[in-house]
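Me: Hi! I have just opened this one and would like a hand finding my way around. Could we start with how the helices pack?

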Amino acid sequence: MVNKSWRIAMACSIALAFMSCENQKFNDTFVDSERVHVDTLSTELQKVRDYVPQYAVVAHRGSTYWTPEETEAAYRWAREMGADYLEADLQVSKDGVILALHDTDLKRTTNIEDVFGERFPEKTRREYYDLLGYSTQKIDSLIDADKKAFVPNYPCSYTYYELMLLDAGTWFNQDAVSQEQARTGFSRNHQYISTLQDLIMYSKGFKLERYAQDAPQPTGHVNIWGNAYQNERVVKTMVATNEEFSNPVNFGVKDKVVRYGFGYVKDDLGTSGNIPGIYIEFKEPWLNPSNFEQMVYNELKMENVTGFAEKLNMNIIAGGEEPESNPFYKDGKINVGNTNGKVILQTFSLQSLTRVCDLFDGQVPMCFLLWKGTGATDLTYDDPQGYASFINLAVKYKAHFIGPCIAGAPNNYPELNYPWQHNLIHRAKMKNHPYSFDTYDQMAKYFGQYNWGSDGGSRYEAPYLDAFFTNHTDMSLQYMVDFGYRKSPAPTEIPDAREVLDNLGYEK
């Protein structure tokens, strides 16, 4: 009896040990990542994927290190440095102007507390409606409705007429983090909240037209500056249209789209001749109107900007298609903005991903960004099965790239770009666009200059990226030149970041 019991116990032990080994093997990330299923891009989507150059450098918000982010200074600097793409977040003003702006609260990157405080800007709003030609009775009615719907500090609670009064540059000079990079030029040259239209014009080699010093303001222009118009941006026209959209924070209020006629001039101080593309992010849907993707689609056509010899249409679906022979680099200059990869779309939101798919149908390069968290569409489980599930969603909704966050100072994001995760992205025939690079150490790590530092890291071939977002375009470009990833006909002489700012008129 004892002998029989012992044999049974031994058999059970062996079985348990076998099951334990099998379970341990199954929980080996590198083994499991080879087993997990990923869907793959179609041949047609792979063609669109390849509209984008390999190892493209994406200037995140222009630069968050050298300049006040997403301003004219940031994007002119990134263009002159040689970035392949100028990156921006998209939001909307109360009058339908598409903004290049990250924060949903204007207090960090503008002086809104000094200009408007928490109060409804009634005086400025009345001036705005008067300039649009509304009657006093109509203005009173609109003001009453606007007051009830007003939410302080949210971009979509302010007209662009009001947002132009804000200073988006001086905060950078006052911030403790950026004290060493402070420049009086960021204050002297009024830095505005940029628009999508501005971003496109910067990418094409233009800058804002500004009213000249000691010269009379031309008649017929919109007088929003009073007598202090010198060196402010030129606003030629401001016209209310019949287009309507639902304001996202004003609970169903229908707002009119207003068309602004801005002035732009060739950037005489920008001598690089670089024409980068743009990489634009659709924020969470609750921040923008339900038809926001359509508004962006229309704006990319640049139909409201006329009088320039350059081809400005950025929408390759609607008449902005480029010859497939156009190179990414030409004569040592960036030419991405003259190819079919001139616009890349991006979003963290699954809802926005599906809406972009419905409208753009995979015909414009698209990146599905990943963040580990507990939000509605965050990546909760970063194991192979969980990671693969998000890749499959991206494939289903016709994205071409995955954009995972990377670890390391100063942001210390969660790590979503392990070698096995990069490998999963490639198995799906997608490409990998991680964010955001701030240090040489991160460049060296993800380009494979030194050991990854995790078990199994040598099993997959570096680099662990196909393009990347960087806050230090200068550092990232120099790294790639030094290690042979950036070669002629791309620019291989990387200018000094400070000298570029000096040359562009942003003196210390």
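**Helices, hollows and odd bonds**

Reply: Happy to help! A good place to begin is α4 and α11, which make a right-handed crossing. Keep in mind as we go that this is a predicted model.

Me: At what angle do α4 and α11 pack, and how far apart are their axes?

Reply: The angle is about 30°, and the axes of α4 and α11 are 9 Å apart. Angles under 35 degrees count as roughly parallel, so α4 is roughly parallel to α11.

Me: Which residues meet there?

Reply: From α4 you have E72, Y75 and R79, and they meet L199, Y202 and S203 of α11. Sorted by class, that contact has 3 nonpolar, 1 polar and 2 charged residues.

Me: Nice. How do α12 and α13 pack?

Reply: Helix α12 covers residues 292-300 and helix α13 covers residues 350-360. Their axes are 10 Å apart, at an angle of about 45°. That angle is why α12 and α13 are described as oblique to each other. The way α12 passes α13 is a right-handed crossing.

Me: And what touches what between α12 and α13?

Reply: On the α12 side look for E293, Q294, Y297 and L300. They meet S352, R355, V356, L359 and F360 on the α13 side. In this contact of α12 with α13 there are 5 nonpolar, 2 polar and 2 charged residues.

Me: What about α6 and α7, how do they cross?

Reply: Helix α6 (residues 122-131) and helix α7 (residues 136-149) cross at roughly 135°, and their axes come within 10 Å. They are therefore oblique to each other, and their crossing is right-handed.

Me: Which residues make the contact between α6 and α7?

Reply: E122, R125, R126, Y129 and D130 come from α6. Their partners in α7 are I139, D140, L142, I143, D146 and K147. By class, the contact of α6 with α7 has 7 charged and 4 nonpolar residues, with no polar ones.

Me: Let's change topic. How much space is in the largest pocket?

Reply: The largest pocket holds about 500 Å³ of space. There are 22 residues lining it, and the closest to its centre are T64, Y65, E69, V177 and N411.

Me: What kinds of residues line that pocket?

Reply: A mix: the lining of the largest pocket has 9 polar, 7 nonpolar and 6 charged residues.

Me: And closed spaces? How many cavities of 30 Å³ or more are there?

Reply: The count is 3 cavities of 30 Å³ or more. The largest cavity has a volume of about 160 Å³. Of its 14 lining residues, V97, Q197, R259, Y260 and E299 are the closest to its centre.

Me: Which element gives the largest share of that lining?

Reply: That would be β6, with 4 residues of the largest cavity's lining. Both α11 (196-203) and β6 (254-262) supply at least two residues each. By class, the lining of the largest cavity has 8 nonpolar, 4 polar and 2 charged residues.

Me: What about the second largest cavity, what is its volume?

Reply: The second largest cavity comes to about 80 Å³. It is lined by 13 residues, with E69, E70, A100, L101 and T109 the closest to its centre. You may recognise E69, which is also among the residues closest to the centre of the largest pocket. In the lining of the second largest cavity, 6 residues are nonpolar, 4 polar and 3 charged.

Me: Last topic: the backbone. Where are the cis peptide bonds you would show me?

Reply: One is the bond from Y435 to S436, with omega near -20°. S436 is in the loop between β14 (431-432) and α16 (440-446). Another cis bond joins A462 and P463, with omega about 0°. P463 lies in the loop between α16 and β15 (467-470).

Me: And what is phi at R61?

Reply: Phi of R61 is near 55°, a positive value in a residue other than glycine. You will find R61 in the loop between β1 (56-59) and α4 (72-81).

Me: Why point out those spots?

Reply: Because most residues other than glycine have a negative phi, and most peptide bonds are trans.

Key
Residues are numbered from 1 along each chain as its sequence is written. This is a predicted model: local features need pLDDT of at least 70, side-chain atom pairs count only at pLDDT 80 or more; totals for chains, interfaces and linings use all residues. Side-chain values use heavy atoms; hydrogens and water are left out. On a 1 Å grid over the protein atoms alone, a cavity is a set of points where a 1.4 Å probe fits but cannot get out, and a pocket is an open set with protein on both sides within 12 Å along at least five of seven lines; lining residues have an atom within 4 Å of a point. Grid points are joined across faces, edges and corners, and a volume is the space filled by probe spheres set on the points. Ala, Val, Leu, Ile, Met, Phe, Trp, Tyr, Cys and Pro count as nonpolar, Asp, Glu, Lys and Arg as charged, and the others, Gly among them, as polar. Axes are lines fitted to C-alpha atoms, for helices over the stretch in contact, and angles run from 0 to 180 degrees between N-to-C directions. Angles under 35 degrees count as roughly parallel, over 145 as roughly antiparallel, 65 to 115 as roughly perpendicular and the rest as oblique. A crossing is left-handed if the near helix is turned anticlockwise from the far one by less than a right angle, and right-handed if clockwise. Contact means heavy atoms within 4.5 Å.
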